[in-house]
There are 2 protein chains.
Amino acid sequence: MIPRYEIRLAGSGGQGLILAGLILAEAIAYFEHKYVVQSQNYGPEARGTDSKSDIIISDEEIDYPKAIHLDVLLAMNQKALDANFLDLKKNGLLIVDSGLVKDLPTTQLIAMPLTQIALETTKSPQPANMTALGALAVCTQKVSIPSLSKTLAVHLKKDWLEQNQKALKAGARFAKKRLAGNPSGNGSV
Amino acid sequence: MIPRYEIRLAGSGGQGLILAGLILAEAIAYFEHKYVVQSQNYGPEARGTDSKSDIIISDEEIDYPKAIHLDVLLAMNQKALDANFLDLKKNGLLIVDSGLVKDLPTTQLIAMPLTQIALETTKSPQPANMTALGALAVCTQKVSIPSLSKTLAVHLKKDWLEQNQKALKAGARFAKKRLAGNPSGNGSV
């Protein structure tokens, strides 16, 4: 039974975190049979700076759809980490891209070279959003990789799908190894 | 000054309303300089049935991100209309696809053949989401068609972009004619 579980994906405009949030929300709702609200906040500031996607999961209908105490924060760059870290619960799970985040406010985190894994797996840094999603799924145990992969197949055209599914699986594999090496769930850069 | 303005796009799973909601939210935030929250609720029910996207606009930061009294409801089929009509404010604006909605709970509405316009303009019913977005933009005056068109260009690949921009403009043109013929903003099927 999950009363309420809050995930935030934070990074910059071009990193595809809104797509990642949509895929995560849909997969959890349809395959894990939860209630999910997924939202984006846009400020009136200039385009292409910050991007964040909030996903709230519950076994019950969600009355208050704003994330307030994050159980999980994924930070895809330093600015996103700095701007959102205070919203993470004490003992919440912090996942960062170790290639893009250097100044860490805590040692309670899982740092993985998410963009680097995407680049090595697909020859493009773009599917780092999917590498992150795969890693996050393994760390949180809230949704399976096959469920995410099937949801991707509904949304992406064939020529993009394979690359994104590869990146998803590569992120999951890396996270599994990292957790196996450090069963407490915490790791350092 | 807009204290709070709520729009809901409602229809079925394949109609592209989540994309339409994202485009609308981004265009209003970046080009009209408002605060915007865009959200989707997913229930644990089976895939591909209902789909809705809520967009809340304000000149101030948005404290309560759940749509409660809709200023605008777009209903892309009968089930979406029936399920969401009670959330529409008294004197709120109802926009329906006249080809897919037949049983109308009010005469205070703008009914347009949105899917038919998409089909005639692009030879595909798929961009009906964009026809709807164009019509909604004209009816609500909350965002310009060029702003929506530029936002589309950020998100869609070239081979889909032209078709979607065409559909957007066709929806806007139709709505302009409809409003010109009936300045009260209401029309019947």
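In this predicted model, helix α4 (residues 128-140) of chain B packs against helix α6 (residues 158-181) of chain B at an angle of about 40°, their axes 6 Å apart. That angle makes α4(B) oblique to α6(B). Chain B also meets chain A, with 21 residues from each chain in the contact. A sheet of twelve strands takes in strands of both chains.

**Helix α4(B) on helix α6(B)**

- The crossing of these two helices, α4(B) and α6(B), is right-handed.
- From α4(B), the contact uses B:Met130, B:Thr131, B:Ala132, B:Leu133, B:Gly134, B:Ala135, B:Ala137, B:Val138 and B:Cys139.
- From α6(B), the residues include B:Asn164, B:Leu168, B:Ala172, B:Phe174 and B:Leu179.
- By class, the contact of α4(B) with α6(B) holds 14 nonpolar, four polar and two charged residues.
- B:Lys169 and B:Lys176 of α6(B) are among the residues that make this contact.

**Helix α5(B) on helix α6(B)**

- Helix α5 (residues 145-155) of chain B packs with α6(B) at an angle of about 160°, and the axes lie 10 Å apart.
- Angles over 145 degrees count as roughly antiparallel, and α5(B) and α6(B) are therefore roughly antiparallel to each other.
- The crossing of α5(B) and α6(B) is right-handed.
- α5(B) brings B:Ile145, B:Leu148, B:Ser149, B:Leu152 and B:Ala153 to the contact.
- α6(B) answers with B:Leu161, B:Asn164, B:Gln165, B:Leu168, B:Lys169 and B:Ala172.
- Seven nonpolar residues, three polar and one charged make up the contact of α5(B) with α6(B).
- B:Asn164, B:Leu168, B:Lys169 and B:Ala172 of α6(B) take part in the contact with α4(B) and also in the contact with α5(B).

**The sheet**

- The open sheet of twelve strands has mixed pairing, in the order β6(A)-β5(A)-β4(A)-β1(A)-β3(A)-β2(A)-β2(B)-β3(B)-β1(B)-β4(B)-β5(B)-β6(B).
- β6 (109-112) of chain A and β6 (109-112) of chain B stand at the edges, each with a single partner strand, so one side of each has no neighbour in the sheet.
- From one strand to the next, the twist averages 15°.
- Within chain B, β2(B) and strand β3 (residues 50-58) pair in the antiparallel sense over six bridges.
- B:Gln40 has B:Ser53 as its bridge partner in β3(B).
- α4(B) packs on the sheet and touches β4 (70-75), β5 (88-97) and β6 of chain B.
- The direction of α4(B) makes about 140° with that of β5(B).

**Where the chains meet**

- Strand β2 (residues 35-42) of chain A pairs with β2(B) in the antiparallel sense over seven bridges.
- A:Val37 stands opposite B:Asn41 in β2(B).
- On the side of chain B that touches chain A, the elements giving two or more residues are α1 (17-32) and β2 (35-42) of chain B.
- β2(B) gives the most to that side, with eight residues.
- That side of chain B has eleven nonpolar, six polar and four charged residues.

**Symmetry**

- A turn of 180° and a shift of 0.0 Å along the axis lay chain B on chain A with an RMSD of 0.0 Å.
- The two copies are thus related as by a two-fold rotation axis.
- B:Ser39 comes closest to the rotation axis of the residues of chain B, at 2.0 Å (C-alpha).
- The copies meet through the same surface, because 100% of the interface residues of chain B are also interface residues in chain A.

Definitions and conventions. Residues are numbered from 1 along each chain as its sequence is written. Chains are lettered from A and ligands numbered from 1 in the order in which they are written. This is a predicted model: local features need pLDDT of at least 70, side-chain atom pairs count only at pLDDT 80 or more; totals for chains, interfaces and linings use all residues. Two residues are in contact if their C-beta atoms, placed from the backbone, lie within 7 Å. Helices (H or I, at least four residues) and strands (E, at least two) are DSSP runs, numbered from the N terminus. Ala, Val, Leu, Ile, Met, Phe, Trp, Tyr, Cys and Pro count as nonpolar, Asp, Glu, Lys and Arg as charged, and the others, Gly among them, as polar. Two strands pair if DSSP finds at least two bridges between them. Axes are lines fitted to C-alpha atoms, for helices over the stretch in contact, and angles run from 0 to 180 degrees between N-to-C directions. Angles under 35 degrees count as roughly parallel, over 145 as roughly antiparallel, 65 to 115 as roughly perpendicular and the rest as oblique. A crossing is left-handed if the near helix is turned anticlockwise from the far one by less than a right angle, and right-handed if clockwise. Copies are superposed by least squares on the C-alpha atoms of residues with pLDDT of at least 70 in both.
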